[in-house]
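Q: Could you give me a close look at one helix in this protein? Start from its end, then work outward to whatever packs against it and to the rest of the chain.

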Amino acid sequence: MVLEVKDINTFYGLSHILFGVSLAVREGETVCLLGRNGVGKTTTFRSIMGLTPPRSGSVKFMGEEIRGKQPFQIYRAGVGLVPEDRIIFPDLTVRENLEIAVRKSPPEKKVEGWTVEKVHQLFPVLKARDGQWGGTLSGGEQQMLTIARTLMGNPRLLLLDEPSEGLAPLVVRAIGEQILVLRKEGMTILLSEQNSSFALKVSDRAYILEKGHVTWQGDIAELKSKPEIMKNYLGI
Ligand SMILES: Nc1ncnc2c1ncn2[C@@H]1O[C@H](COP(=O)(O)OP(=O)(O)OP(=O)(O)O)[C@@H](O)[C@H]1O
Ligand SMILES: [Mg+2]
């Protein structure tokens, strides 16, 4: 198991947001966390990353407890978060945005680490924009740059918070294809989405979150055969 979240409760001040959330991601799986606006998807990612540590429960990464660790320690352990707000450095070039994030692959991993060249194969548009300032990129290009920059840190688990949000259909399709390439290469991914048709195309399994509770979990094929669940929880 790469990630095992058990029974976490997370608060912002007095507001109780996550109520005993549990989920797991196995090596090489792409798992999606589905749910409408404000159900706690970002809070789940912040809980895993240590940005808003859960008050109780457990978060295990590669078998080790990471709840209570600092975000930089969780990053160093191999968790790469692509946040909802896609923060890139506008005053650095696209290449500098990538190079700033280089981190060697852990020696025990025995796979070739990510390089600018490898990133360019996955995101050709970033090659075309190599010398441009980050701030001149379109929303879709910024999303790709944020994913690419996170990959440069050679994470063992990639957390994608609503990668399709606010992007044009063609760009969403391109990002979907890029996620499928990562999945084929064996990357372990947890992504959150409101856009369930997008998420169902790229994922192996799903968890549905509703008001801070996991209300359904299972395989994508099973979810597709249950239109009433899709309708009730996801509004589609
Ligand atoms: N910093 C904060 N302080 C207080 N409440 C917050 C804070 N951030 C989020 N919330 C509340 O926590 C709940 C869950 O928010 P969260 O951002 O995790 O939802 P989400 O599923 O990611 O939604 P979205 O699809 O809009 O991104 C919401 O009710 C939100 O208003
Ligand atoms: Mg969110």
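A: Start just past the end of α7. The helix is followed by G186, whose phi is positive, near 95°. Note that this is a predicted model.

Now the helix itself. α7 runs over residues 169–184 and has 16 residues. From its first C-alpha to its last it reaches 23 Å, close to the 22 Å expected at 1.5 Å a residue.

Which residues of α7 are buried? They are V172, I175 and I179. These buried residues cover an arc of only 65° around the axis, so they lie on the same side of α7. The spacing fits the general rule: an α-helix has 3.6 residues a turn, so residues three or four places apart point the same way. On the other side of α7, L170, V181 and K184 are exposed.

Next, the cover. The buried residues of α7 are covered by elements that include β3 (30–34) and α6 (139–152). β8 (189–193) and α8 (196–202) are also among them.

The loop between β7 (157–161) and α7 deserves a stop. S164 lies in this loop. Is S164 buried or exposed? S164 has 24 C-beta neighbours inside 10 Å, and burial takes 20 or more, so S164 counts as buried. Leaving aside residues up to four places away in sequence, S164 touches V172 and I175. Both of these belong to the buried residues of α7. S164 also touches E193, N195 and F198. As for G80, it is 84 residues from S164 along the chain, and their C-alpha atoms are separated by 18 Å.

E162 is placed in the loop between β7 and α7 too. E162 is not a glycine, yet its phi is positive, about 45°. E162 counts as buried because it has 24 C-beta neighbours inside 10 Å.

A similar backbone note applies elsewhere. M62 has a positive phi of about 50° and is not a glycine. M62 is found in the loop between β4 (56–61) and β5 (64–65). With 15 other C-beta atoms within 10 Å, M62 is partly exposed.

Step back to the domains. Domain 1 takes in 1–78, 157–167 and 180–236, while domain 2 is 84–155. Their centres, taken over C-alpha atoms, are 23 Å apart. At the contact, 11 residues of domain 1 meet 8 residues of domain 2. On the domain 1 side, the largest share, 3 residues, comes from β7. That side divides into 5 nonpolar, 3 polar and 3 charged residues.

Last, a second helix and the ligand. α1 is mostly covered, with 8 of its 9 residues buried. Among them are K41, T43, F45 and M49. α1 is followed by G50, whose phi is positive, near 85°. What surrounds ligand 1? Its shell holds 14 residues, and the closest are Y12, G38, K41, T42 and T43. The largest share of this shell, 3 residues, comes from α1. β2 (15–25) and α1 (41–49) each supply at least two residues. By class, the shell has 3 nonpolar, 8 polar and 3 charged residues.

Notes. Residues are numbered from 1 along each chain as its sequence is written. Chains are lettered from A and ligands numbered from 1 in the order in which they are written. This is a predicted model: local features need pLDDT of at least 70, side-chain atom pairs count only at pLDDT 80 or more; totals for chains, interfaces and linings use all residues. A residue is near a molecule or strand if its C-beta atom, placed from the backbone, lies within 6 Å of it. Helices (H or I, at least four residues) and strands (E, at least two) are DSSP runs, numbered from the N terminus. Ala, Val, Leu, Ile, Met, Phe, Trp, Tyr, Cys and Pro count as nonpolar, Asp, Glu, Lys and Arg as charged, and the others, Gly among them, as polar. The expected span of a helix is 1.5 Å times one less than its number of residues. A residue is buried if 20 or more other C-beta atoms lie within 10 Å of its own, exposed if 12 or fewer, and partly exposed in between; C-beta atoms are placed from the backbone. The arc is that of the directions from the helix axis to the C-beta atoms. Two residues are in contact if their C-beta atoms, placed from the backbone, lie within 7 Å. Domain bounds come from an automatic or database domain assignment.
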